[in-house]
Every structure is written in structure tokens, then in C-alpha cells.
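Got your viewer open? Load the model, switch to cartoon view, and keep the selection box handy.

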Amino acid sequence: MAQSLYIEDTPASVKNAKGLHLITMSTPNGQKVQIMLEELAEKYGTEWDTTFVNIMSNDQKKEWFLRLNPNGRIPVLVDNTQSPPFAVMETSAELLYLLKFADKDDVFGFKDEYERSQALQWLFFWHGSGAPYQGQMNHFNKFAKDKIPYAIDRFKNETLRVYGVLEIQLSGKFTGEPKEYLAGNGTGKYSVADIGTYPWVKAWEFSGFSKEDMEAFPHLLKWIDRIGARPAVMKGCGEKYNMPK
């Protein structure tokens, strides 16, 4: 089976890797897993290797990549400690894989099943309801050849609506208890729910939202600053993951 996972065109850095291997580009989706790995390294000394792919050149659509992720999207996590190597696609699945197999103390998860459910709810909420809208906002507002006002307005408004949902959770609007993190009892605990959400939301300005747009979300803005101050987060979004020239 390993032979079907890797082919002659698979980069040597991928097919010769030992242990965990991340195939990434430092987009918001790539940064989710980059941050998680950096957090695990800080806590446990977790090690991995990295291969960079240029999605602007459609490297992720080549056969060697599609054998690892038929959807042709970065990042991909490959666990070479398994025989045959085990490939994981989809960022939330990758975060949960690392949580299961690399975070023995549930530092970035929860042992309590109800708190764990909260983390899954918010992780999946952003994966299914946040990233798709903000991604389309980026496309139509920044990259589309033809500017379509209806599309820009629709995805802008939907992204702001989702920001509003995060604001409700963080502000404690309906509970009377503000939260510092998305999931967990009391004020919450930093977890995969935050890691899976932060890289997109921090990029609100890049997406085209104004400071005036964001004034409605004071707790969300404080949350962005709180998460962004973590050393592993700064490293996971930093120069270490710049595309090699």
C-alpha cells in the first residue's frame, strides 16, 4: 500500500520522511496545523518535517499530491510511524489526529466529554460555516477577475454574521459569563477549537473588512490578540513557514 501512496514524482522530502510530515503552504488552513505542531513541540518536544508546496503553481493538483489527498488541498499530514504511512486530509481532521496521537495529556483538548463536545462543535462550526464564507469573500473581493457586487456583499455579510456568532460565545451574551476561549467550562480553555478558527479570523483586514466593520465584535478582537500572543502561534504563522525561494 505504501507503494501506491508514493510514486516516482513524489518529492524525496515526502517519500523519504520519517515520523510526522507536514505538506503545507502558510495560508490560513496551513497555519492551523502549523500552529498545532508548534504547540505540541513546545509542550512535548514533538518533531516533524515539512515540505512546502506552491498552490499558486497548482502543485497540489499533481498526481503525487492527489494520492495523499484526492481533494487537492493543503495541508496534508502524513504519519510515517505507521506501516503503511497514514495520510490525513482536512484541517479539522488533522488537528483531531494530532490531538489523539500526540497530545497524551489533552493539553489542547478536554478529558471531560461535554467540554470535548463543545470543542468539536466550535471547531466544526468554523470549518463548515466560517472558513467557506471568508474564503469566498477573499476570492470575490480580492482575486476574482470580475467584481460581482452581489457575491461580495453576500459573503461579506455572511462572514460578519459568523463573526457575530463567535462574539456571542466569547461575550457570554446569553450566559452572563464572558469567555477567553471558545470551548470549556467557565472562561474556557485554549484548545483545538481556537487553533482551528484563529488563522482565518485574524486575517479580517486582508479579507477586506474595515475597523468599523469589526467594532461590533470587541470580545472577538480581544480573543484574536490573546491567541496571537502565544509564542507557538507566532511561530506557526511566522517566517519559519515562508515559501522557500
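What follows is a walk from the sheet out to the helices, one selection at a time.

Some housekeeping: this is a predicted model, in which local features need pLDDT of at least 70 and side-chain atom pairs count only at pLDDT 80 or more, while totals for chains, interfaces and linings use all residues. Residues are numbered from 1 along each chain as its sequence is written, and side-chain values use heavy atoms, with hydrogens and water left out. Helices (H or I, at least four residues) and strands (E, at least two) are DSSP runs, numbered from the N terminus.

**Stop 1: the sheet**

Select β2 (48-52) and β4 (86-88), the edge strands, each of which pairs on one side only. Two strands pair if DSSP finds at least two bridges between them. Now show the whole open sheet: four strands in the order β2-β1-β3-β4, with mixed pairing. From one strand to the next, the twist averages 20°; axes here are lines fitted to C-alpha atoms, for helices over the stretch in contact, and angles run from 0 to 180 degrees between N-to-C directions.

**Stop 2: β1 and its partners**

Colour β1 (20-24) next. How many of its residues are buried? Five of five, so β1 is mostly covered; buried means under 20% relative accessible area, exposed over 50%, and partly exposed in between, with a 1.4 Å probe and protein chains only. Turn on side chains: Leu20, Leu22 and Thr24 point one way, His21 and Ile23 the other.

On one pairing, β1 and β2 run parallel and are joined by five bridges. Pick Leu20 and you'll find Trp48 as its bridge partner in β2; for His21, the partner in β2 is Asp49. With β3, β1 runs antiparallel, and four bridges join the two. Leu22 stands opposite Leu77 there.

**Stop 3: β3 and the hairpin**

Move to β3 (76-79). Val76 and Val78 point one way and Leu77 and Asp79 the other, and all are buried. β3 forms a hairpin with β4, with six residues between the strands. The two run antiparallel and are joined by three bridges; one pair to label is Asp79 with its partner Phe86 in β4.

**Stop 4: the loop at Thr27**

Select Thr27, in the loop between β1 and α3 (28-44). Is Thr27 buried or exposed? Its relative accessibility is 18%, so Thr27 counts as buried. Leaving aside neighbours within four places in sequence, Thr27 is in contact with Ile55 and Ile74, where contact means heavy atoms within 4.5 Å.

**Stop 5: α5 and α6**

Select α5, which lies across β1, β3 and β4 and runs at about 30° to β3. Then add α6. Two packed helices are described by the angle between their axes and the distance between the axes. For α5 (residues 91-102) and α6 (residues 113-143), the axes come within 10 Å and cross at roughly 155°. That makes α5 roughly antiparallel to α6; angles under 35 degrees count as roughly parallel, over 145 as roughly antiparallel, 65 to 115 as roughly perpendicular and the rest as oblique.

Show sticks for Thr91, Ser92, Leu95 and Leu96 of α5, plus Leu120, Leu123, Phe124 and His127 of α6: these make the contact. By class, that's five nonpolar, three polar and no charged residues. Here Ala, Val, Leu, Ile, Met, Phe, Trp, Tyr, Cys and Pro count as nonpolar, Asp, Glu, Lys and Arg as charged, and the others, Gly among them, as polar.

**Stop 6: Phe140**

Stay on α6 and pick Phe140. At 16% relative accessibility, Phe140 counts as buried. What does Phe140 touch, not counting residues up to four places away in sequence? Lys147, Ile148, Ala151, Ile152 and Phe155. Try a distance label to Ala151: eleven residues away from Phe140 in sequence, and 6.6 Å in space, C-alpha to C-alpha.

**Stop 7: α7 and α12**

Last, select α7 (residues 149-171) and α12 (residues 218-228). Their axes are 8 Å apart and the packing angle is about 85°, which makes α7 roughly perpendicular to α12. The contact draws on Tyr163, Leu166, Glu167, Leu170 and Ser171 of α7 and on Pro218, His219, Leu220 and Trp223 of α12. Colour by class and you get six nonpolar, two polar and one charged. Gly172 follows α7, with a positive phi near 70°.

Notes. The expected span of a helix is 1.5 Å times one less than its number of residues.
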